[in-house]
Amino acid sequence: MSLDNLLKPAQRALGNALRSRVAGSDADERGKQIWGTVGPRWFADTDPIWKVHGDASMFAGGVTALLLQSLHPLAMAGVAGHSGYKSDPWGRLQRTSNYIAATTYATIEDATAVIERVKTAHARVRGKDYRGRPYRASDPHLLAWVHAAEIDSFLRAYQAYGPEPISPEQADEYVAQAGIPARLLGVVDPPRSVAELAEVLASYRDELEPSPPAIEAATFLLRQPPLSWAARPGYWTLAAGGVALLPDWAREALELDLPGPVDLALGPLGSFGTAAVRWGLAGVENRRSAPVAG
């Protein structure tokens with residue numbers, strides 16, 4: 001028996017465990033809806049957004065995005081007060097995963113319906129941050145920050161840990177494509193290139209701060225993740241990769257400066273963790289690699 005055959009049970013077990021955590025118990029049913037429904041779509045399998053959002057590097061990029069987004073105190077207040085990221089972390093992850101999958105791969109009709117459901121949920125999310133400043137999740141200014149931090153993180157992760165970096169032209173196209181659903185969600189004039197994305201992120205610097213809820217979220221994500229001790233080492237390789245992608249100023253704000261040798265190991269750990277996830281997911285049915293209906 002070949003080594004590949006000997007490892008297949010372990011590969012399937014890892015793939016199924018990852019899939020159930022990220023996509024939920026109804027992953028097969030939702031996969032058929034997303035990829036099997038006939039109708040026009042915003043994007044094709046040759047588009048950069050398919051490559052970026054379909055790769056295992058999204059696991060590390062998701063950590064980067066959450067940490068970076070947390071530095072806006074109003075956005076973080078909404079997460080802390082309404083998302084249930086501590087009480088139901090996997091449910092929140094699955095809702096985010098479903099949104100990204102639907103708006104990337106589903107028919108325009110289905111993707112638009114998912115966006116409308118999120119907008120309805122956002123309309124109910126409002127309150128005050130730890131300093132008493134009011135926020136609304138539907139605020140276009142906050143939505144623009146969340147969007148920019150997210151797609152910058154996903155793109156950084158793919159370029160660092162993906163199978164092969166995309167070209168500068170494709171990176172610009174990715175940013176522009178990600179803006180299509182973002183605009184419907186409420187982002188006004190989303191960036192259309194990597195240069196515009198950098199300008200948007202820079203424009204928020206004066207509003208960012210390591211609020212107590214942000215530090216608490218970083219501790220939860222990096223030091224006290226909702227996983228068994230057996231599963232934590234694998235998760236920490238992905239988290240290390242996510243931290244490695246943060247801008248230096250963001251790492252400093254979140255108190256994530258590390259000694260030189262440890263710092264140098266973050267990127268390689270991220271590459272290793274991403275490769276392990278990619279291997280595991282290759283052992284289970286992957287709807288993203290299946291032909292898309294219509």
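W236 is partly exposed, with 30% of relative accessible area. That tryptophan is a handy way into this predicted model, where W236 and W229 form an edge-to-face aromatic pair. From there, here's a quick tour of the rings, the charges that sit over them and a nonpolar patch.

**Around W229 and W236**
- The rings of W229 and W236 are 6.3 Å apart, centre to centre, with 65 degrees between their planes.
- W229 has a relative accessible area of 63%, so it counts as exposed.
- W229 also has a charge for company: the charged end of R232 sits over its ring, 4.2 Å from the centre.

**Other aromatic rings**
- The model has 5 aromatic pairs by the rule used here.
- One of them joins W42 and F43, and this one is tilted, with 55 degrees between the planes and 6.3 Å from centre to centre.
- Is F43 buried or exposed? F43 is buried, because its relative accessible area is just 6%.
- Its partner W42 comes in at 23% relative accessibility, so W42 counts as partly exposed.
- Elsewhere, W35, W50 and Y105 are linked into a cluster by ring pairs.

**Another charge over a ring**
- R205 lies over the face of W249, and the distance to the ring centre is 4.1 Å.

**A nonpolar patch on the surface**
- Which residues make the nonpolar surface patch? L7, L14 and W279 do, and the patch covers about 240 Å².
- W279 belongs to helix α14, which runs over residues 260-281.
- With 35% relative accessibility, W279 counts as partly exposed.

Key:
Residues are numbered from 1 along each chain as its sequence is written. This is a predicted model: local features need pLDDT of at least 70, side-chain atom pairs count only at pLDDT 80 or more; totals for chains, interfaces and linings use all residues. Side-chain values use heavy atoms; hydrogens and water are left out. Patches are made of residues with over 30% relative accessible area and no salt bridge: like charges are joined within 9 Å, nonpolar side chains (Val, Leu, Ile, Met, Phe, Trp, Tyr) within 5 Å. Accessible areas come from the Shrake-Rupley method with a 1.4 Å probe; for residues, only the protein chains shown count as cover. A salt bridge is a side-chain nitrogen of Lys or Arg within 4 Å of a carboxyl oxygen of Asp or Glu. Helices (H or I, at least four residues) and strands (E, at least two) are DSSP runs, numbered from the N terminus. Buried means under 20% relative accessible area, exposed over 50%, partly exposed in between (1.4 Å probe, protein chains only). Rings of Phe, Tyr and Trp (its six-membered ring) pair if their centres lie within 6.5 Å; planes under 30 degrees apart count as stacked, over 60 as edge-to-face and the rest as tilted. A charge sits over a ring if NZ of Lys or CZ of Arg is within 6 Å of the ring centre and within 35 degrees of the ring normal.
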